[in-house]
Amino acid sequence: VAYIVKITIVSDTIGTALLYVAFQRETSNPSEAFYEALFHSISAFCNAGFSLFGDSLSAYAADPLVSLTVSGLIIVGGLGYSVVALIASTEPLRRRGGGFARWGLHAQMVVTMTVALLLIGWVATFYVEYDRSLADLDLGGKLLASFFQSVTVRTAGFNSVDLGLLHRSTMFLFVIMMFIGASQGGTGGGVKTTTVGVLFLAVRAVMYSRRDIEAWGRRVERETVLKAVSIITISGGVVSLALLVLLSTEPTFGMYVLLFEVVS
């Protein structure tokens, strides 16, 4: 509990300080800038996605200070406290040091899945949305905005581009990323990165006709695999049922829009 409180306070303090520098440029009222910075810092770290601005963070799509600070807070909150403590080599986990190879399967899975999802979302959004929702930005702005959307869509809910302009393929990718969500012990939602990671390992084992499910030299218990399958099946069932209800009662909206809202 002490480390949870410590990580939360340190993260929000750093985030508030950085965002205050950015927001105070837009107003002559220091207290207003501080309140906006504090609110958005907590909202980002908690993966809440609430913003005081009507267009979320669209006005800061090309602002590195705001976009990267909010992205960093979202990532730290979504990784989970135990993984953050391990990365920071804080005390009771310091004894497990020795680099990535000795982090433990949970931390290895969380970091690997998080990096993979961020890269996939970043590259795909940049490529597909280059002349659509990112059209008004220069190259640097496009890279920054696509990275920000890759971070926030999976675990939070901010946006720095007009989601109404998204291509259907991008929208579907975002649905998948939202469904996966953050990691265990973090502040985000979704079925969790490790759940999907375990399912991927199980599929790989079947494809290669392997009896044991392994990753980084460690064996995954079959009970863990069954839990992962159950979580994804139940979550998929809930999404499907809710989508079916909305398709029956909201004929004015398309399937992609309704699916996006349901998973969100």
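User: What makes up the lining of the largest cavity?

Analyst: This is a predicted model. In it, Ile74, Ile75, Gly78, Leu79, Thr114, Leu118, Val151, Arg154, Thr155, Ala182 and Ser183 line the largest cavity. Lining residues have an atom within 4 Å of a cavity point, so these residues meet that cut-off. Helices H3 (64–79), H5 (105–128) and H6 (139–155) each give two or more residues to the lining. The largest share, four residues, comes from H3.

User: Why is this space called a cavity, and what is its volume?

Analyst: A 1.4 Å probe fits in a cavity but cannot get out, so the term describes a closed space. The volume of the largest cavity is about 50 Å³. The count is one cavity of 30 Å³ or more.

User: How many lining residues are nonpolar, polar and charged?

Analyst: Six are nonpolar, four polar and one charged. Gly counts as polar, so Gly78 falls in the polar group.

User: What makes the largest nonpolar core a core, and which residues have the most contacts inside it?

Analyst: Its members are buried and joined through side-chain atoms within 4.5 Å, so they form one set. The largest core has 29 residues, and Phe23, Val66, Val70 and Phe158 have the most contacts inside it. A second, separate core has 16 residues, including Met109 and Val198.

User: Why is the chain called as compact as a globular protein of its length?

Analyst: Its radius of gyration is 20 Å. The globule rule gives 18 Å for 264 residues; the two values are close, so the description holds. The chain has ten helices and two strands.

Methods:
Residues numbered from 1 in each chain as written. Predicted model: local features only at pLDDT ≥ 70, side-chain atom pairs only at ≥ 80, totals over all residues. Heavy atoms only, no water. 1 Å grid on protein atoms, 1.4 Å probe; cavity = no way out; pocket = protein on both sides within 12 Å on 5 of 7 lines; lining within 4 Å. Points joined across faces, edges and corners; volume = space filled by probe spheres on them. Buried < 20%, exposed > 50% of the residue type's maximum accessible area, 1.4 Å probe, protein only. Rg over C-alpha atoms; globule rule 2.2 N^0.38 Å.
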